[in-house]
Amino acid sequence: MAKDYVSIRVSTLRGDQKIDFDAYLKIDEKWILYLRQGDSFEGTRLERLKTKKLKKMYISTEDEGRYRNYMQKNIEMAYDDKSGKDIKTRSEIIQGAQQNNAEEVFERPENAEAYVAAKDASAKYVDFLVKNNDAVKSIVSLPNLDQSIAHHGVTVSTLAVALAEQLKLFDAKQRQLLALGGLLHDFGHYDTPIKIARPMRDFSKEDLEIYKKHPVEGAQKVKDKNHMDLAVTTIIHQHEEKCDASGPLGYSEQQIDPMALVTSAANTVDRLMTYEGLGREQVVKHLMVQEMGKYPLQYIQTLGNILKSI
Ligand SMILES: [Fe+2]
Ligand SMILES: [Fe+2]
């Protein structure tokens, strides 16, 4: 009898743990066994898939339970401060898990369960970043090989939380929502007709007009989702605003929600790294020159220091 297959997300397959299921690729309607039970997704194997922008793999429906166990075990181990695993491996798994949480919400924004899973995970995520010295560095230095919006979301979320922690902004509940808002901030780019993963100078005038609308469009798409928190939808709506009122909504510093402003600063940094193709040193320079006056000076200095420490 022919096997049935279900898709799994590549972002959930990080780390050094052996898989206890077979993982397939679907090429020209054929199933190709890519990784066997007993192998792991370490190193180049996973990178190759990511550089091909491959987001989904497949498993046999018989292996669904085993896959779920693998995922759960992997994440639990990564969040466990006493697991003895190095910070790099833990960060890789946790980065993948957060990316997966973002992708789940992007694909099914109407699904309250997917949102709550991402929200619960965001509390754990903040804890991980705050308690482990090198976690921020480790997460931010993972290259966004497929320039995905979900990976960008994880980086923005990480930088926003790091900024809040260093400047002692917001309480624990707000930081959880800041992490979640950062993760989901570019929901308006999901399903966009334009290619956003390129430098802004390559955008045509028409593309730029469409681009500028993504915060408003994102906010409109989540307006009727009652399971979403107001803090999160506000971040989606205002995350491109800057203190000098040069953002798409033209809000002044006093009008911008404080969590959205922190997210905006973090977003500017990762936009430059991931989509404008600047190195970390160039980003620091850009912040000091081009972004001066667009964010509070402390934000610029703190983000600069984080980048210099990586
Ligand atoms: Fe954006
Ligand atoms: Fe963004």
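Q: Why is the site of the iron ion (ligand 2) called irregular in this predicted model?
A: The angles among its four donor atoms run from 86 to 178°. Four donors count as tetrahedral if all angles lie between 85 and 135 degrees, and the upper value of 178° does not meet that condition. Square planar is not assigned either, and anything else is irregular, so the site of the iron ion (ligand 2) carries that label.

Q: What makes His152, His185, Asp186 and Asn267 donors of the iron ion (ligand 2)?
A: Donors are N, O and S atoms within 2.8 Å of the metal. His152 (NE2), His185 (NE2), Asp186 (OD) and Asn267 (OD1) lie 2.0 to 2.2 Å from the iron ion (ligand 2), so they count as its protein donors. Along the chain their spacing is H-x32-H-D-x80-N.

Q: How do you know which residue bridges the iron ion (ligand 2) and the iron ion (ligand 1)?
A: Asp186 coordinates both ions, which are 3.4 Å apart. For the iron ion (ligand 1), Asp186 (OD) is listed with His214 (NE2), His239 (NE2) and Glu240 (OE), at 2.1 to 2.2 Å.

Q: Why is the site of the iron ion (ligand 1) called irregular?
A: Its four donor atoms make angles of 89 to 177°. The tetrahedral range ends at 135 degrees, so 177° rules that class out; square planar is not assigned, and the site is irregular. The donors follow the spacing D-x27-H-x24-H-E. His214 in helix H9 and Glu240 in the loop between H10 and helix H11 (258–275) are 26 residues apart, and the pair links distant parts of the chain. Both residues are buried.

Q: Why are His185 and Asp186 called buried?
A: Buried means under 20% relative accessible area. His185 has 0% and Asp186 has 4%, so both meet the cut-off.

Q: Why does Asp229 count as buried?
A: Its relative accessibility is 19%, and the cut-off is under 20%, so Asp229 counts as buried. Asp229 lies in the loop between helix H9 (214–222) and helix H10 (230–238). Leaving aside neighbours within four places in sequence, Asp229 is in contact with Tyr115, Lys119 and Leu177.

Q: What makes Tyr299 stand out in the largest nonpolar core?
A: Of the 69 residues in that core, Tyr299 is one of those that touch the most other members, along with Tyr125, Phe128, Leu129, Leu184 and Val269. The core draws at least three residues from each of domain 1 (1–81) and domain 2 (86–309). Not counting residues up to four places away in sequence, Tyr299 touches Leu163, Leu167, Leu169, Leu261, Val262 and Ala265.

Note on methods: Residues numbered from 1 in each chain as written. Chains lettered and ligands numbered in written order. Predicted model: local features only at pLDDT ≥ 70, side-chain atom pairs only at ≥ 80, totals over all residues. Heavy atoms only, no water. Donors = N, O, S within 2.8 Å, 3.2 Å for Na, K, Ca; no water. Tetrahedral: all angles 85-135°; square planar, octahedral: opposite > 155°, others 65-115°. Buried < 20%, exposed > 50% of the residue type's maximum accessible area, 1.4 Å probe, protein only. Helix = DSSP H or I, 4+ residues; strand = E, 2+ residues; numbered from the N terminus. Contact = heavy atoms within 4.5 Å. Core = buried A, V, L, I, M, F, W, Y, C linked by side-chain atoms within 4.5 Å. Domains from an automatic or database assignment.
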